[in-house]
Amino acid sequence: MLKPLAIGVLLLSLCGSLQAGEPVAEIGKLGEVRQLHTDLMFTEGPTSDAKGNVYFTDIPADRIYKIDAAGELSVFVEPAQHANGLMLIKGQLFACEMDGQIVKYDVASRKRTVICPGYDDKRFNAPNDLVVDQHGGVYFTDPHFRAPDPMPQDKLAVYYLSAEGETTRLADDLKAPNGVILSPDEKTLYVVPSLQKQMMAYPVEGPGKLGEGRVFCELKQAEGVDNTGGDGLTIDSKGNLYITSRLGLQVFSPEGKLLGIIELPEQPSNAVFGGKGNSTLFVTARKSVYAIDTHAKGHRFPGPKAAK
């Protein structure tokens, strides 16, 4: 499945288009878009480790894949309960299972452990994306995509699973909360709804405690549509957000300023930094996985500190 097809990268800005190799405002130059693997079904949820490995999901195929540092593709887990968003923290692979729960895998043994089976004695609708904080807690989204009918939960919401195993429902007033991530200092939680163009930011007042949300930015819309949202996202060490959308990866500064849009041959679903220096963007996009070398450096979440 390895098809190292090189495709030029096009960046759109408020001033017009930028060609491959030209700098992006406040980010620097981008390399070519490289297609690493294709002929998949629907790719999602990429995450990476410090060794250069990248894990991602193929939801209809019910698999979690691994791309090693040499670029070789292999199946990590099958079946995967239609896993979507992933995050790798200290040898533990956390996963949103769209079949209704949050789990983690020990990467070495591939042992799967259910860490959050549901809320209020019912399974979740279809967990989508997650981020693990420095306290060992997990923020995750639960929209309606792939959910049973009727839905098990009466709300589309963001949840928090504490390190002690307590689950709290947080924001429940968004139109299909999808991507979720923390700022590098973990003082802000960003949530990307799929059915509204307003991307949200919430002050983190404590583990699992959010202040009042605000509109962080509005996504630029494709021609002929309005009020479409994003899917997944990643963040670099400077706090710039890379939000997947119909137009590509829309890059916003921490202040909510649009810096540019990275177009890809297929509509992207999610992205993560990885590779050498944590400076390569790995993007899942429909039937393929792409890589783009950057001058930006991705933020790597530390996870919980080891007990003394």
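Below, a biologist asks and a modeller answers about a predicted model.

Biologist: How many helices and how many strands are there in the protein?

Modeller: The model is predicted, and the elements are read from it. Residues 42-285 are 0% helix and 49% strand. The whole protein has 0 helices and 29 strands.

Biologist: What radius of gyration does the protein have, and what would a compact globule have?

Modeller: The C-alpha atoms fill a box of roughly 50 × 45 × 40 Å along the principal axes. For 308 residues, a compact globule would have a radius of gyration near 19 Å, so the protein agrees with that rule. Its own value is 18 Å.

Biologist: What share of the residues in the protein is buried?

Modeller: Buried means under 20% relative accessible area. The protein exposes about 13100 Å², and carbon and sulfur atoms supply 50% of that. Of the 308 residues, the buried share is 56%.

Biologist: What share of the contacts with a separation of 6 or more joins residues 24 or more positions apart?

Modeller: One such pair is Y119 and T167, which are 48 residues apart in sequence. Their C-alpha atoms are 7.0 Å apart in space. Across the protein, residues 24 or more positions apart account for 48% of these contacts.

Biologist: Which strand gives the most to the largest nonpolar core?

Modeller: The largest nonpolar core has 43 residues. Those with the most contacts inside it are L130, V131, F140 and I243. The strand that gives the most, with 5 residues at 157-161, is β16.

Biologist: Which residues of β16 does F140 touch?

Modeller: F140 is one of the residues with the most contacts inside the largest core. Its contacts beyond four places in sequence include C96, I102, C116, F124 and L130. Strand β16 runs over residues 157-161. Within that range, F140 touches A157, V158, Y159 and L161.

Biologist: How many residues has the other core?

Modeller: In soluble globular proteins, nonpolar side chains tend to be buried together. Here another core lies apart from the largest one. Among its members are Y242, V251, I262 and A271. It has 17 residues.

Biologist: How far apart are the end C-alpha atoms of residues 42-285?

Modeller: An unreviewed UniProt entry annotates this span as "domain: SMP-30/Gluconolactonase/LRE-like region". Strand makes up 49% of the span. Its end C-alpha atoms lie apart by 7 Å.

Biologist: Why do E44, N178 and D231 count as gathered at one spot, and which pocket takes them in?

Modeller: The unreviewed UniProt entry annotates E44, N178 and D231 as "binding site". They span 188 residues in sequence, yet no two of their C-alpha atoms are more than 12.0 Å apart, so they gather at one spot. The lining that takes in E44, N178 and D231 belongs to the second largest pocket.

Biologist: Is D231 buried or exposed?

Modeller: D231 sits in the loop between β22 (214-218) and β23 (233-235). Its contacts beyond four places in sequence include E44, N178 and S269. Its relative accessibility is 16%, and the limit for buried is under 20%. Therefore D231 counts as buried.

Biologist: In which strand is the place of N178?

Modeller: N178 has a relative accessible area of 4%, so N178 is buried. Its contacts include N128, T141, F145 and D231. Its place, at residues 177-182, is in strand β18.

Biologist: Where is the place of N128?

Modeller: The unreviewed UniProt entry also annotates N128 as "binding site". At 4% relative accessibility, N128 counts as buried. N128 touches N84, G85, T141 and N178, among others. Its place is in the loop between β13 (112-116) and β14 (130-132).

Biologist: What relative accessibility has T141?

Modeller: T141 lies in strand β15 (residues 138-142). It is in contact with residues including N128, D129, N178 and G179. T141 counts as buried because its relative accessibility is 0%.

Biologist: Is Y119 buried or partly exposed?

Modeller: Y119 lies in the loop between β13 and β14. Its contacts include F124, Q153, Y159, T167 and R169. Its relative accessibility is 23%, and buried needs under 20%. Therefore Y119 counts as partly exposed.

Technical notes:
Residues numbered from 1 in each chain as written. Predicted model: local features only at pLDDT ≥ 70, side-chain atom pairs only at ≥ 80, totals over all residues. Heavy atoms only, no water. Core = buried A, V, L, I, M, F, W, Y, C linked by side-chain atoms within 4.5 Å. Buried < 20%, exposed > 50% of the residue type's maximum accessible area, 1.4 Å probe, protein only. Helix = DSSP H or I, 4+ residues; strand = E, 2+ residues; numbered from the N terminus. Contact = heavy atoms within 4.5 Å. UniProt positions renumbered as here; feature names shortened; annotations may be inferred. Rg over C-alpha atoms; globule rule 2.2 N^0.38 Å. Areas by Shrake-Rupley, 256 points an atom, 1.4 Å probe, with all protein chains shown as cover. 1 Å grid on protein atoms, 1.4 Å probe; cavity = no way out; pocket = protein on both sides within 12 Å on 5 of 7 lines; lining within 4 Å.
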